[in-house]
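Reader: Before I set up any calculation, I would like a close look at the charged side-chain pairs in this protein. Please place them within the fold as a whole and go through them with care.

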Amino acid sequence: MRFVGRILLLIGLGATIFGGFNSYLSLRGTSEPEQVTLSALGAADGTNNTHLSISEFTVGEQFVIEASENGKWRRVWIPLMTPENAWPARPVIAYTDAAANEMELATILQRQALTGVVTNGMQSLGKNQREQFAIPYPGVNLDGALAFSIDHSFPSAVLMIPLTLIGLVFLVAGGGMYFGFFGGGGDE
């Protein structure tokens with residue numbers, strides 16, 4: 001019974017975290033992406049919408065490429081700059097999981113607007129990425145940078161809220177079984 005409880009506990013934890021974060025995104029955004037310029041988004045009082053289509057930007061000259069041990073690209077972090085090639089007041093770092101090489105990245109970066117979701121809280125610019133960006137961009141504070149996932153689909157509250165609730169049920173049931181509150185517990 002403990003084994004089943006452990007499995008339910010893990011599934012419940014994963015579903016609750018995933019569903020909860022995506023519910024949070026869907027409640028803070030609109031189903032249609034808000035059209036915003038990079039300068040407006042990067043302003044201190046920029047939008048709080050999580051679903052955006054960003055225009056009027058240039059890309060920084062240096063990217064951070066995360067690759068697997070065999071060299072396969074997993075994620076690319078791209079600094080977005082104003083048309084004057086300067087950082088906005090609140091830096092924005094876009095990222096994509098869809099570029100496996102320079103050609104695919106070039107195709108994405110040719111767009112006049114990037115549509116996606118701000119993912120701070122679940123996936124943000126980590127310490128490693130900030131340290132790598134500090135070399136080509138000295139003096140820029142990226143601690144509060146917005147992490148923007150290019151082409152990330154906007155989550156539906158209709159799907160995410162039930163997923164979160166199911167995750168919570170599995171979490172409680174799995175915890176109860178694992179710790180022996182119901183179902184006898186104790187057997188491995």
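Author: What follows takes the salt bridges as its main subject, with the overall fold before them and a few other sites after them.

The coordinates are those of a predicted model, and every value below was computed from that model. The protein holds five helices and eight strands, and read from the N terminus these elements come in the order α-β-α-β-β-β-β-β-α-β-α-β-α. The C-alpha trace extends over about 65 × 40 × 30 Å along its principal axes. The radius of gyration is 20 Å, whereas a compact globule of 188 residues would have a value near 16 Å. Of the 188 residues, 40% are buried. Among contacts with a separation of 6 or more, 66% join residues that stand 24 or more positions apart.

With that frame in place, the charged pairs can be taken up. As general background, side chains of opposite charge can pair when their charged atoms come close. The count of salt bridges in this model comes to four, and three of these pairs are described here, among them one between Asp97 and Arg75.

In that pair, the side chains of Asp97 and Arg75 meet with a distance of 2.8 Å from N to O. Because Asp97 sits in the loop between β6 (92–96) and α3 (102–109), while Arg75 belongs to strand β5 (residues 73–81), the bridge ties together parts of the chain that are 22 residues apart in sequence. The two partners can also be set beside each other by accessibility: Asp97 has a relative accessible area of 47% and is therefore partly exposed, whereas Arg75, with 18%, is buried. The cut-off that places Arg75 in the buried class is a relative accessible area under 20%.

Helix α4 (residues 127–134) contains both members of another pair, Glu131 and Lys127, which are four residues apart, or about one turn of the helix. The closest N and O atoms of this salt bridge between Glu131 and Lys127 are 3.7 Å apart, and the rule used for the assignment accepts a nitrogen within 4 Å of a carboxyl oxygen. Glu131 counts as partly exposed because its relative accessibility is 44%, while Lys127, with a relative accessible area of 58%, is exposed.

Arg130 takes part in a further salt bridge, this one with Asp143, and here the closest N and O atoms lie 3.1 Å apart. Arg130 is in helix α4 and Asp143 is in the loop between α4 and β8, so this pair ties together parts of the chain that are 13 residues apart in sequence. At 26% relative accessibility Arg130 counts as partly exposed, and Asp143, at 57%, counts as exposed.

Strand β8 (residues 146–150) includes Ser149, whose relative accessibility of 7% is why this residue counts as buried. Leaving aside residues up to four places away in sequence, Ser149 touches Tyr95, Thr115, Gly116, Val117 and Thr119.

Arg111 is placed in the loop between α3 and β7 (113–118), and with a relative accessible area of 31% this residue is partly exposed. Its contacts, again without residues up to four places away in sequence, are Phe57, Ile150 and Asp151. Arg111 and Val140 are 29 residues apart along the chain, and their C-alpha atoms are separated by 26 Å.

At helix α1, Leu8 touches Phe170, Leu171, Gly174 and Met177, once residues up to four places away in sequence are left out. The C-alpha atoms of Leu8 and Ser156, which are 148 residues apart along the chain, have 24 Å between them.

The last site to describe is the largest pocket, which encloses about 160 Å³ of space. Its lining is made up of 13 residues, and those closest to its centre are Arg28, Asn48, Thr50, Val118 and Leu146. Helix α1 (residues 2–28) gives the most to this lining, with three residues. Sorted by class, the lining of the largest pocket comprises five nonpolar, six polar and two charged residues.

Key:
Residues numbered from 1 in each chain as written. Predicted model: local features only at pLDDT ≥ 70, side-chain atom pairs only at ≥ 80, totals over all residues. Heavy atoms only, no water. Helix = DSSP H or I, 4+ residues; strand = E, 2+ residues; numbered from the N terminus. Buried < 20%, exposed > 50% of the residue type's maximum accessible area, 1.4 Å probe, protein only. Contact = heavy atoms within 4.5 Å. 1 Å grid on protein atoms, 1.4 Å probe; cavity = no way out; pocket = protein on both sides within 12 Å on 5 of 7 lines; lining within 4 Å. Points joined across faces, edges and corners; volume = space filled by probe spheres on them. Nonpolar A, V, L, I, M, F, W, Y, C, P; charged D, E, K, R; others polar. Rg over C-alpha atoms; globule rule 2.2 N^0.38 Å.
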